[in-house]
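Thank you all for coming; I would like to walk you slowly through one model this morning. Please keep the view open while I talk, and stop me whenever a term is unclear.

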Amino acid sequence: MQYFFTGKNPKQTHLIRSAGSAGLIILALISLLLNAPAKIYAYPHNVAVKHMISTVIPPHAIDAVAGYTINKDTVRPVAEEMTGKVSKEEFKKKALSKIKEFQNCLVILCDKKAGNEAQDNAVDQATSLFIDGAIIEVSSVRSDEKKHMKVRDFLEKLRTLRYERVVITFSHVDYISNIRKGSDGKYYGVISFEQTFRAFSDGRLVYEDETKKTTEVQLIVYERNLRGNAIQQWDVMLSDVEVLGTKTPKQ
Amino acid sequence: MAKHYVLKFWIFISFFVCQHTLFSQVYSDNNDRAKEKHFFYEVKEIDEFFERFNDEPGSFIRTVYKARNVKFRISRRRLIRSLFNYENMPGDSVMMKRFVSDVTNKDNPIYLDFYGNDWYAELSCKFRYRSSSIIIPIVLKIEVTENKGSKWMIVAVGRSRLKSNIAVSEMTQSKIKTKCLSPVSHATNFVSLKRAFEDKENLSNYFENANFKRSNMSAFYNAVLNREIEFLHVIKIKYHFLLADKWIFTVEDFTREALNSGWLINHMQKVSASGMENYRNKLLDGN
């Protein structure tokens, strides 16, 4: 895995990879003869070992927040504790859980068997995750055209897709940026993840695209009345989203 | 001897019968892994560019290694080399070697500061203007505020064919002082500019007052305020870094399938202190 950081020209690394592949084909032949294909990995040996390590950990169990330490570029402007009580780790965990909730809503919206009521609820639930006025920008790396939509409009458009079956898969790991305090006193962060969208009709794959979604998240502090006492609580809300098509859609 | 040839023949046939199944398995397995690997190595946001450049202990790439129990053996030197666009600046480039050696100097290492004065975002923005579209370059920078917060501010406006009909010599006072472009607006392609440019009551919050009469800012401000132009979207973002009075480099997004992708250094030059000042002035003058 680390060979990428050697800084060599990609062509050189390609040659190394090709040599590795040739070796792998020989290994594959030997392995076939030994009737043990399951032990073969498609990457060079040093990479394969690390992939074996990664398969031991369920992908969704990997918490990008874990082990997070203070980063150099956040030290100066951001106070150690946010609004007195919330730690950066708590903020990040909450933000990740909101993203997962949003992803679950997307899956329901694309499930044709879900029914109207479930989809109505999914639209409401997904919309409630966002701040008022949040904008979703939809674009593609192959085009200069970009569309701006309100969250509810984006979700309604998604549910009206007429495919027999839609499968959405998300990257197993999300990128979470440093938390930054805004001049308005709110705390902001960014979460990026990748999504693959596959649509089927008559049992055949008829459309497929890959997108990178980047979402701004905000820490919101509010007061809740509990038995006559005003208690200060906090939550994380999703804000603007950039949806970038990264691969030519297959039609 | 004949038996030996028969055995070889069957080995050959069984390899061809099995290879299709084997390689299709390897391919689909590879595809998911390749995507995941790409996600790990792509410099997804400019924030991640800072993380890698500074080799921060909490960087995404370090977290990924840690989660997989893989020892992180990548030096800062290697991390920085991975931040160059190899298609434009090959790994053996003399300039790159000098730069990497300079910023990783043991006695005097150089780091990037997100809240510092040495980097700018240059945006190519598309506006609707007189029933057609117009592209206006806008330069923004991170400004740290008294409450130890920060925000993106417009510090310069580039040349375009925009001609504002109304002349205003200074910006109007805003109603809500706290309204701002969040310090993470860059990650969502500055889509928040749409809200900002529609917020006429607080428009002055988004412009650097000290630079109002510099570049083409006042004409642009007036055009936005008086609805002569309508913001459509940001076409492209380019970051300018002015480092340690000697290095200038620009970072752009290269979204592609290669591992060397995302926000990468595309151009670099070594300059004198006066060359650096000229570059900054040119940027802030909107040229």
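**Two chains, element by element**

Let me begin with chain B, which holds eight helices and six strands, where helices (H or I, at least four residues) and strands (E, at least two) are DSSP runs, numbered from the N terminus. Before going further, I should say that this is a predicted model, in which local features need pLDDT of at least 70 and side-chain atom pairs count only at pLDDT 80 or more, while totals for chains, interfaces and linings use all residues. Residues are numbered from 1 along each chain as its sequence is written, and chains are lettered from A and ligands numbered from 1 in the order in which they are written.

Along its sequence, chain B runs through the pattern α-α-α-α-α-β-β-β-α-α-β-β-β-α. Of its 287 residues, 36% count as buried, a residue being buried if 20 or more other C-beta atoms lie within 10 Å of its own, exposed if 12 or fewer, and partly exposed in between, with C-beta atoms placed from the backbone. Among the contacts of chain B between residues at least 6 apart in sequence, 64% join residues at least 24 apart, and two residues are in contact here if their C-beta atoms, placed from the backbone, lie within 7 Å.

Chain A has five helices and eight strands, and its pattern reads α-α-α-α-β-β-α-β-β-β-β-β-β. In chain A, 30% of the 251 residues are buried, and residues 24 or more positions apart account for 63% of the contacts with a separation of 6 or more.

**Domains of chain B**

Turning to how chain B is partitioned, we have domain 1 (1–41), domain 2 (46–111 + 244–284) and domain 3 (119–238), with bounds that come from an automatic or database domain assignment. The C-alpha centres of domain 2 of chain B and domain 3 of chain B are 28 Å apart, and the contact takes seven residues from domain 2 of chain B and eleven residues from domain 3 of chain B. On the domain 2 side of that contact, helix H2 (46–53), strand S5 (247–254) and helix H8 (273–284) of chain B each supply at least two residues, and the largest share, three residues, comes from S5(B). By character, the residues of that domain 2 side divide into three nonpolar, one polar and three charged, where Ala, Val, Leu, Ile, Met, Phe, Trp, Tyr, Cys and Pro count as nonpolar, Asp, Glu, Lys and Arg as charged, and the others, Gly among them, as polar.

How many residues of H2(B) are buried? In H2(B), eight of its eight residues are buried, among them B:Asp47, B:Glu48, B:Glu51 and B:Arg52. Just after H2(B), B:Asp55 takes a positive phi of about 50°.

B:Asp245, which is not a glycine, has a positive phi of about 60°; B:Asp245 sits in the loop between strand S4 (229–243) and S5 of chain B and is partly exposed, with 14 other C-beta atoms within 10 Å.

**A helix pair and three residues in chain A**

In chain A, the axes of helix H4 (residues 116–128) and helix H5 (residues 151–159) come within 10 Å and cross at roughly 150°; axes are lines fitted to C-alpha atoms, for helices over the stretch in contact, and angles run from 0 to 180 degrees between N-to-C directions. H4(A) and H5(A) are therefore roughly antiparallel to each other, the label for angles over 145 degrees. The residues meeting across this pair include A:Val123 and A:Ala126 in H4(A) and A:Leu155 and A:Arg159 in H5(A), and the contact as a whole divides into four nonpolar, two polar and three charged residues.

A:Glu164 lies in the loop between H5 and strand S3 (165–170) of chain A, and is exposed, with 12 other C-beta atoms within 10 Å. Not counting residues up to four places away in sequence, A:Glu164 touches A:Lys112, A:Phe200, A:Ser201 and A:Asp202.

A:Thr246, in the segment after strand S8 (229–245) of chain A, counts as partly exposed with 19 C-beta neighbours inside 10 Å. Leaving aside neighbours within four places in sequence, the contacts of A:Thr246 include A:Val141 and, in the other chain, B:Thr255.

Lastly, A:Arg227, in the loop between strand S7 (204–226) and S8 of chain A, has a positive phi of about 50° although it is not a glycine, and A:Arg227 counts as exposed, with 5 C-beta neighbours inside 10 Å.

Note on methods
Angles under 35 degrees count as roughly parallel, over 145 as roughly antiparallel, 65 to 115 as roughly perpendicular and the rest as oblique.
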